[in-house]
Amino acid sequence: MHYITNTVEFQIHEPTVVTIGKFDGRHRGHQKLMAQMRRVREQYGYRTAVFTFSVTPDSMVTGKAQRLLTTNLERRRNMEQTGIDYLVEYPFTKETLHMMPEDFVRDILVGQMNAKAIVVGPDCSFGYNRLGDAELLRKLEDRYHYKLWVIEKEKDDERDISSTYIREELDKGNVEKAWELLGEPYAIHGAVVHGKNMGGRILGFPTANLVPPSSKRLPMFGVYVSRVKLEGRLYRGVTDIGKKPTVEGDNPVGVETYIFDLNRDIYGVVIEVQLLAFIRGEMRFDSIEDLKAQIGRDKERARQYFEEHRELIS
């Protein structure tokens, strides 16, 4: 995949089929757009291209950072796995903020991205004050010589599947519903770092610690059944997300995972922690012994889950 970022000076020379959006998460609605892009590629031979911004327009306009389902790195990996040919992460500047919608279509989508086809959802928006929409793209279709496909939203019963919907479910700890909406488990990526060694030194078992970036949306603090992808292999796990309230001190938010059947040092290794099911919310215990006892129960819950879902580890 060609990855273009941190520049407004680029040119794609191959004809493309383009889609635009934030692509926060790779939910079933996004997958529907990508499927149409693949069909266009097969029919016309165009390369697939995704246009997005390096930061969300909302965060630039409001001045408040958003917590996203996918970091830029995770979005890039998602696009690579999807088979996209070009990913453009365009800088969001004051000039971009004030770009008129037709200028965006003419200069960037058609001019720089060489779009011969465009695939969007019915609620797409772009340009100054979000004045650009699917209707404008339809009006400009003949003028700029591209073919437009507007793909209806994917629904969960009567509700549109969206990143907002998924964030609401994560806030409730409902990672199973998030999995259903995404079409894959909600995941946290990162390199394993040294923590306070609580697992090995005090609790009697080692854990893999991740410190997610502040931009990463985390589910409700608590303990989850997890699946860990490490060097191409899947492992069973149980993951604690939160601030470890039983441990004294100002603890940063962390993602700490006990990985079953792994007995080696993985510090510095990038892993993917997939959240499968909620076990319990974050709790404060009166003693380390009480904490150890609860963790033992959490691990047993996770073992039972995997006994009932053996197909998840193969």
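**View A. The largest nonpolar core of this predicted model.** Welcome to the residues that touch the most other members of this 30-residue core: Phe51, Phe104, Val105, Leu109, Met113, Leu137 and Tyr146. Two or more core residues come from each of these elements: strands S2 (16-20), S3 (47-53), S4 (86-90) and S5 (115-120), together with helices H5 (101-112) and H6 (134-139). H5 supplies the largest share, 5 residues. As a general pattern, nonpolar side chains in soluble globular proteins tend to be buried together.

**View B. The surroundings of Met113.** Leaving aside residues up to four places away in sequence, Met113 touches Phe10, Ile12, Glu14, Thr16, Val18, Ala49, Val50, Phe51, Val88 and Ile108. Phe51 and Met113 are both on the list of core residues that touch the most other members.

**View C. A second, separate core.** Here you can look at a core of 28 residues, with Leu69, Tyr235, Ile241 and Ile271 among them.

**View D. The two sides of strand S4.** S4 is mostly covered, with 5 of its 5 residues buried. Tyr86, Val88 and Tyr90 point one way, while Leu87 and Glu89 point the other way. In a regular strand, side chains alternate between the two faces of the sheet.

**View E. The strand partners of S4.** Strand S1 (residues 2-5) pairs with S4 in the parallel sense over 4 bridges, and Thr5 has Glu89 as its bridge partner in S4. S3 and S4 also pair in the parallel sense, over 5 bridges. Follow Phe51 to its bridge partner in S4, and you arrive at Val88, a residue that Met113 also touches.

Conventions:
Residues are numbered from 1 along each chain as its sequence is written. This is a predicted model: local features need pLDDT of at least 70, side-chain atom pairs count only at pLDDT 80 or more; totals for chains, interfaces and linings use all residues. Side-chain values use heavy atoms; hydrogens and water are left out. A nonpolar core is a set of buried Ala, Val, Leu, Ile, Met, Phe, Trp, Tyr and Cys residues joined through side-chain atoms within 4.5 Å. Buried means under 20% relative accessible area, exposed over 50%, partly exposed in between (1.4 Å probe, protein chains only). Contact means heavy atoms within 4.5 Å. Two strands pair if DSSP finds at least two bridges between them.
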